[in-house]
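Colleague: Got a minute to go through this structure with me? I'd like to talk through a few spots.

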Amino acid sequence: MNNRFKHLTSGTDLITVLKGCKKCFKTIAYGKHIVPHKALPFININLKKTGFLVNSCNSPSQIGHWFTLLFSSSRIAFLCDGLNYVQKRPDVMQNIITLCQKHNYKLFILDVRCQLQKSSVCGYIAMYMIYVYTHFSVKQLCSLQKLFKRNGIATNQKIVLDCVKKHFRISF
């Protein structure tokens, strides 16, 4: 198997792993908040604290990039992308902005670079962000920026993957 695609995840894979933590699974509405970016403008946010795992692909036949959107009770939406990829995609950003405007959330982009360019661990990084958001405060979530800037990307990726393995009790 090509190492670049070793950790590739589908929406079904994400649900299977997230079921390993009741709190994380609840945060993504038991799998209902795993969506393609094109669905974002049509979503209604009913919970005070919720998260979405979003895929950047335009078609089910394409391999997309997973990222996380987190919505806090203080009307702030956090975009967490371990590769800092979606900011370069105007179509994806427009759907994020539309969702935030529709529900009166201020968008805050967390600079949490923790994915190597040629890896396929974005699904695990997205789950890590759900874990941090579910189990820690918003202030601690924001402090990841400082923490991740102290380390190299490879180190950050290893930290994230080790945490996901431990929290969700998985191996790969």
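Modeller: Sure, here is a short chat about some strands and a few single residues; keep in mind that this is a predicted model.

Colleague: How do β4 and β5 pair, parallel or antiparallel?

Modeller: Parallel, over five bridges, with β4 covering residues 76–80 and β5 residues 106–110. Leu 79 stands opposite Ile 109 of β5.

Colleague: And which helix goes with β4 and β5 in a β-α-β unit?

Modeller: That's α3, residues 90–102, and the β-α-β unit is right-handed.

Colleague: Staying around there, what is the phi of Asn 84?

Modeller: It's near 55°, so a positive value in a residue that isn't glycine. Most residues other than glycine have a negative phi. Asn 84 sits in the loop between β4 and α3.

Colleague: Is Asn 84 buried or exposed?

Modeller: Buried: its relative accessible area is 17%, and the cut-off for buried is under 20%.

Colleague: What about Arg 169, where does that one lie?

Modeller: In the segment after α7, which spans 153–168. Arg 169 also has a positive phi, about 55°, without being a glycine. Arg 169 is exposed, though, because its relative accessible area is 66% and exposed means over 50%.

Colleague: New topic: where is His 33 found?

Modeller: In the loop between α2 (22–27) and β1 (34–36). His 33 counts as buried, at 12% relative accessibility.

Colleague: Which residues does His 33 touch?

Modeller: Leaving out residues up to four places away in sequence, His 33 touches Thr 27, Ile 28, Thr 50, Gly 51, Phe 52 and Leu 53.

Conventions: Residues numbered from 1 in each chain as written. Predicted model: local features only at pLDDT ≥ 70, side-chain atom pairs only at ≥ 80, totals over all residues. Heavy atoms only, no water. Pairing = 2+ DSSP bridges. Helix = DSSP H or I, 4+ residues; strand = E, 2+ residues; numbered from the N terminus. Right-handed = clockwise from strand over helix to strand, strands pointing away. Buried < 20%, exposed > 50% of the residue type's maximum accessible area, 1.4 Å probe, protein only. Contact = heavy atoms within 4.5 Å.
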